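Biologist: Please take a close look at one part of this protein, the pocket, and describe the parts of the fold around the pocket as well. A formal account suited to a first-year student would be welcome.

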Amino acid sequence: LHKPDELTIINFTETDPSKLTDLVLTESSKLSSLDSHPLKKRGTTIIILSLPIPTITDTFTSYMSYISSSLETLPPFTSSSIQLAAFHPSFTFSDADVDDVTNYVNRSPYPMLHLLREEEVGRAVEEWEEKGKGNIWENNYDVLRSFSSVSDLEDVALTGHVPQLIKEMLKKRSS
């Protein structure tokens, strides 16, 4: 899927991490080229890794390690114009327990990489805070922490039934 100046979604099916690194660099360069039109153009890229289920965790971890070491000295990552966020079905923050519901901030049904323009992230954070809604990340964590357990959170994900407490919290934040 590609919507010019908005969103590109790429289904990555290769098993060679160097090809993923090349793809990340190519897509990052495209996003960086939008910097000369900061208010007129928006762009984000999502790369979904279609990996066999038994190898998802190990392969994704290897990919991320390879990509991180390959990209850390290359523009646009050294100029901080592009942010790379990783999402994964078993994502766990380094300082969190595996069962901590806040890990769901970066969990997704499939492993994926999200490339964002730093300028857009900054603008979104400013707009959110100017509306008096506080810190986006803390709000996300608070919503997740409002669930009594991971199984409650998973029930909502599977059934679509959102508890009244969460509905009230989300309604208050959107006003």
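Modeller: In this predicted model, the largest pocket is lined by 22 residues. Nearest the centre of the pocket lie Gln83, Ala85, Phe87, Leu116 and Trp137. The volume of the largest pocket is about 500 Å³. By residue type, its lining divides into 14 nonpolar, six polar and two charged residues.

Four elements each supply at least two residues of this lining: β4 (82-87), β5 (112-117), α3 (118-130) and α4 (136-145). The strand β4 gives the most, with five residues.

These elements belong to a fold with six helices and five strands. Read from the N terminus, the order of the elements is β-β-α-β-α-β-β-α-α-α-α. Of the 175 residues in the protein, 37% are buried. Among contacts with a separation of 6 or more, 67% are between residues 24 or more positions apart.

One contributor to the lining, the helix α4, may be examined further. At the N-terminal end of α4, Asn135 acts as a cap, with a side-chain oxygen 2.9 Å from the backbone nitrogen of Glu138. Within α4, the residues Asn139, Tyr141, Val143 and Leu144 are buried.

Two of these residues, Tyr141 and Leu144, are touched by Thr102, a residue of the loop between β4 and β5. Thr102 also touches Phe93 and Arg145, when residues up to four places away in sequence are not counted. The side chain of Thr102 is joined to that of Asp100 by a polar contact of 2.8 Å. Is Thr102 buried or exposed? Thr102 has a relative accessible area of 6%, and a residue counts as buried under 20%, so Thr102 is buried.

The loop between β4 and β5 also holds Pro111. Pro111 has a relative accessibility of 0% and therefore counts as buried. In sequence, Pro111 and Leu49 are 62 residues apart, yet their C-alpha atoms are 5.5 Å apart in space.

Leu49 leads to the largest nonpolar core, which has 16 residues. Phe12, Leu20, Ile47, Leu49 and Leu113 touch the most other members of this core. Two or more residues of the core come from each of β2 (7-12), α1 (17-32), β3 (44-49), α2 (56-71), β4 and β5. The strands β4 and β5 thus appear both in this list and among the elements that line the largest pocket. Apart from this core lies another, of six residues, including Val101, Leu144, Val150 and Leu153.

Phe12 shows how members of the largest core meet parts of the chain further along the sequence. With neighbours within four places in sequence left aside, Phe12 is in contact with Lys19, Leu20, Leu23, Ile47, Ile48, Leu49, Ser50 and Tyr63.

Strand β2 also contains Thr8. With a relative accessible area of 12%, Thr8 falls under the 20% limit and is therefore buried. Thr8 and Ile47 are 39 residues apart in sequence, and the distance between their C-alpha atoms is 8.3 Å.

To return to the pocket, β4 gives the most residues to the lining, and Gln83, Ala85, Phe87, Leu116 and Trp137 are the lining residues nearest the centre.

Conventions:
Residues are numbered from 1 along each chain as its sequence is written. This is a predicted model: local features need pLDDT of at least 70, side-chain atom pairs count only at pLDDT 80 or more; totals for chains, interfaces and linings use all residues. Side-chain values use heavy atoms; hydrogens and water are left out. On a 1 Å grid over the protein atoms alone, a cavity is a set of points where a 1.4 Å probe fits but cannot get out, and a pocket is an open set with protein on both sides within 12 Å along at least five of seven lines; lining residues have an atom within 4 Å of a point. Grid points are joined across faces, edges and corners, and a volume is the space filled by probe spheres set on the points. Ala, Val, Leu, Ile, Met, Phe, Trp, Tyr, Cys and Pro count as nonpolar, Asp, Glu, Lys and Arg as charged, and the others, Gly among them, as polar. Buried means under 20% relative accessible area, exposed over 50%, partly exposed in between (1.4 Å probe, protein chains only). A polar contact is a pair of N or O atoms within 3.5 Å; within protein, one must be able to donate a hydrogen and the other to accept it, and residues adjacent in sequence count only if both atoms are side-chain atoms. Contact means heavy atoms within 4.5 Å. A nonpolar core is a set of buried Ala, Val, Leu, Ile, Met, Phe, Trp, Tyr and Cys residues joined through side-chain atoms within 4.5 Å.
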